[in-house]
Structure formats: structure tokens, C-alpha cells
Amino acid sequence: MAKLLTGLLVALVIAYLAFRAKALNKSGGVAAALLGTIVFGLGGLDWALILLIFFISSSALSKFFEKKKGISGENFLKGSRRDAWQVAANGGMAGLLALSYFILSRFSPGSEVLPPLWIGFGASLAAANADTWGTELGLLNPSNPVLLSTFKRVPKGTSGGVSMVGTLASLGGSALVGGAVGLLASAGWGHGGDMRPFLQFLVITGSGLFGAFVDSLLGASLQAIYYCPVCKKETEQHPLHRCGNLTEHLRGLMWLNNDWVNAACTISAGIMGLLLAILLN
Ligand SMILES: [Zn+2]
């Protein structure tokens with residue numbers, strides 16, 4: 001109980017700091033505090049460390065590129081302040097895997113599924129990091145990205161657009177989380193069981209990159225895209241464009257917005273990491 005309260009307190013402080021730093025809006029702050037309480041309060045330092053590596057590096061990059069996006073990021077759905085939906089899309093799967101770990105460890109402490117749940121937790125956050133790093137740092141690519149479905153060049157920030165710099169950044173974002181889990185494991189920390197630290201690193205980094213690929217593929221194919229008749233531009237913004245006018249549905253599934261695509265990214269990576277860890281252990 002004391003651990004849970006400490007977790008709640010730490011989560012509240014971090015969510016508040018992120019709110020003050022304008023990395024989260026109000027609903028995003030509440031969602032992050034809830035996620036943090038589960039992960040810090042039920043898990044502990046190593047769980048918290050992995051969540052914070054994602055949260056701090058992603059938030060910092062998003063803040064850093066906020067100004068650049070104002071010029072070139074017409075297509076982005078939301079600003080750099082994350083709301084509750086974005087927090088759930090990025091961290092919900094990790095929270096669910098962590099919660100599953102804690103519940104299972106109460107009833108079946110020696111279960112073989114526990115280490116794979118930890119790897120899945122890392123993989124899902126690696127994917128969220130890969131996606132954010134790829135999106136933000138991808139803006140630095142000298143040429144416009146190529147759409148993964150048609151291979152045509154699209155404006156920077158378009159969902160489903162891939163570039164060399166963006167892909168390398170995704171790899172870096174994923175490897176940062178994978179590397180942290182691997183380092184923890186080599187220091188005797190973490191919960192990867194008998195799995196070799198380097199294999200933990202590879203599985204998490206690879207799964208994270210896989211999630212980012214699923215994200216780009218969905219973004220390029222099924223994600224809802226709208227059109228602003230006033231600005232004559234494609235956008236993810238709906239019902240209102242940033243100019244204040246109503247946008248019209250152009251293509252894609254109406255319900256499949258950027259938050260669902262991000263959720264598909266973290267869920268697919270979490271499942272991939274979990275399955276690989278079960279297969280390779
Ligand atoms: Zn407009």
C-alpha cells in the first residue's frame with residue numbers, strides 16, 4: 001500500500017511537471033498520472049525507468065520541434081500537448097501489459113509468461129518512442145517523405161510517409177528503450193528471466209520498429225484523411241481545420257484517426273515482443 005501511494009505521488013508530480021511544461025493538456029495529465037500510478041506503484045524503479053525514458057525523450061523531441069511543425073506540419077492532427085487519447089494510444093498497451101504482469105505475479109509467481117510480459121511492456125514503449133522520434137526527427141530529412149502505399153512523395157508530417165532520416169530516427173528511438181532494458185538485464189535488474197540481455201535488446205528494438213512500420217502502413221492506407229475546401233489541402237483535422245473551416249472526408253475509414261493508428265502501433269509491437277519472448281526463451 002505504501003508503494004502504491006509513493007507511486008501515485010511520483011506519478012502526480014511528473015504529470016504536473018509535464019502539464020506545466022505544456023507536454024500534456026489537462027486530460028493528458030490525468031491519464032498520465034493514472035498510467036504512472038499503475039506502473040510506478042505496482043511495479044517499481046525498473047518499470048518506472050523504462051516508462052520515463054520513453055516519456056521524457058518523446059516529450060522533449062515534440063516540444064523541440066513544435067516551432068518547425070508550425071511551418072511544415074499542416075497535416076498533424078494535434079499540437080505537441082498530448083491529450084488523454086494520445087496518452088492512452090501511446091502508453092495504454094504498456095499499462096495493460098504491466099497490470100497483467102502484476103496480477104499474474106500475485107497468483108502465479110513462477111509463471112513462464114511473466115518475462116514475456118516485461119519484454120512486451122518494453123516493446124510497446126519502444127514502438128511509441130520509434131513512432132514519435134520518426135515523426136519529429138523525420139522533419140529533418142532533406143527531401144519530402146514517400147508514402148508507403150503509393151511510393152509518391154508527400155508533404156512532411158503526412159501519416160504513412162517514410163524517409164531515410166525518419167526511419168533511422170525510429171530505429172534510434174526504439175533502440176534507446178531496448179538498450180535500457182538490455183542494460184538493466186545485464187545489471188541483474190528488470191524482469192526478462194533467463195533471456196540474454198542482448199536478445200532482450202534485439203527483440204524489443206525489432207518489435208518497436210515493427211510497430212512503427214504498422215503505424216506507417218495504416219497511415220498510408222486506411223487512416224481517415226480529410227480535405228479543407230478553403231485551404232485546398234489534405235489534413236487529418238476533423239471536423240474543423242486549423243483555419244476554422246469544416247473539413248470533408250476524402251478517403252480512409254472515418255473512425256480510424258491518428259490515435260487509433262498509434263494504438264495499433266503500440267499494441268502490435270507489444271504482442272510481437274510478447275510472442276517473440278515466448279518463442280525465444
Ligand atoms: Zn483550412
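What covers the buried residues of helix 3? The cover includes helix 1 (2-20), helix 2 (26-43), helix 5 (84-107), helix 6 (114-137) and helix 7 (164-186). The model you are looking at is a predicted one, so keep that in mind as we go.

**Helix 3 and its neighbour**

The residues of helix 3 that sit buried are W47, I50, L51, I53, F54, F55, S58 and S59. Look at the spacing in that list with one rule of thumb in hand: an α-helix has 3.6 residues a turn, so residues three or four places apart point the same way. Now check the length. Helix 3 runs over residues 45-64, which is 20 residues, and at 1.5 Å a residue it should span 28 Å; its end C-alpha atoms are 27 Å apart, so the two values agree.

Try that check again on helix 2. Its 18 residues should span 26 Å at 1.5 Å a residue, and the end C-alpha atoms are 25 Å apart, which agrees as well. Is helix 2 mostly enclosed or mostly open? Of its 18 residues, 13 are buried, so helix 2 is largely enclosed by the rest of the structure. Just after helix 2 comes G44, with a positive phi of about 145°.

Back at the start of the chain, A2 is found in helix 1. A2 has 7 C-beta neighbours inside 10 Å, and because 12 or fewer makes a residue exposed, A2 counts as exposed. A2 and D46 are 44 residues apart in sequence, and their C-alpha atoms are 18 Å apart in space.

**Zooming out**

How many helices and strands does the chain have? There are nine helices and five strands. Going along the sequence, they come in the order α-α-α-α-α-α-β-β-α-α-β-β-β-α.

As for overall shape, a compact globule of 281 residues would have a radius of gyration near 19 Å, and the chain has 19 Å, so it agrees with that expectation. The C-alpha atoms fill a box of roughly 60 × 35 × 30 Å along the principal axes. Buried residues account for 50% of the 281 residues. Contacts also reach along the sequence: take those between residues at least 6 apart, and 73% of them join residues at least 24 apart.

**Helices that pack together**

Two packed helices are described by the angle between their axes and the distance between the axes. Here are three pairs to find in the structure.

| Helix pair | Angle between axes | Axis distance |
|---|---|---|
| Helix 6 and helix 7 | about 150° | 7 Å |
| Helix 8 (197-221) and helix 9 (258-280) | roughly 150° | within 8 Å |
| Helix 6 and helix 8 | roughly 50° | within 7 Å |

Why are helix 6 and helix 7 called roughly antiparallel? Angles over 145 degrees count that way, and theirs is about 150°, so they fit the label. Their crossing is right-handed. On the helix 6 side, the contact includes G122, L125, A126 and W133, while helix 7 brings residues including G166, A169, G173 and V177.

Helix 8 also passes helix 9 in a right-handed crossing. Among the residues making that contact are L199, V203, F210 and L218 of helix 8, along with V261, C265, M272 and L280 of helix 9.

With its angle of roughly 50°, the pair of helix 6 and helix 8 is therefore oblique. Helix 6 passes helix 8 in a right-handed crossing. The contact includes I119, A123, A127 and D131 from helix 6, and Q200, I204, G208 and D215 from helix 8.

**Odd spots in the loops**

Most residues other than glycine have a negative phi, and most peptide bonds are trans. Which spots go the other way?

F151 is one of them: its phi is near 60°, a positive value, and it is not a glycine. F151 lies in the loop between strand 1 (146-147) and strand 2 (161-162). It has 9 C-beta neighbours inside 10 Å, so F151 counts as exposed.

K232 is another non-glycine with a positive phi, of about 55°. Look for K232 in the loop between strand 3 (225-228) and strand 4. With 7 C-beta neighbours inside 10 Å, K232 counts as exposed too.

Finally, the peptide bond from H238 to P239 is cis, and its omega is near 5°. P239 lies in the loop between strand 4 (233-235) and strand 5 (248-251).

How values were computed
Residues are numbered from 1 along each chain as its sequence is written. This is a predicted model: local features need pLDDT of at least 70, side-chain atom pairs count only at pLDDT 80 or more; totals for chains, interfaces and linings use all residues. Helices (H or I, at least four residues) and strands (E, at least two) are DSSP runs, numbered from the N terminus. The expected span of a helix is 1.5 Å times one less than its number of residues. A residue is buried if 20 or more other C-beta atoms lie within 10 Å of its own, exposed if 12 or fewer, and partly exposed in between; C-beta atoms are placed from the backbone. Two residues are in contact if their C-beta atoms, placed from the backbone, lie within 7 Å. The radius of gyration is taken over C-alpha atoms; the globule rule is 2.2 Å times the number of residues to the power 0.38. Axes are lines fitted to C-alpha atoms, for helices over the stretch in contact, and angles run from 0 to 180 degrees between N-to-C directions. Angles under 35 degrees count as roughly parallel, over 145 as roughly antiparallel, 65 to 115 as roughly perpendicular and the rest as oblique. A crossing is left-handed if the near helix is turned anticlockwise from the far one by less than a right angle, and right-handed if clockwise.
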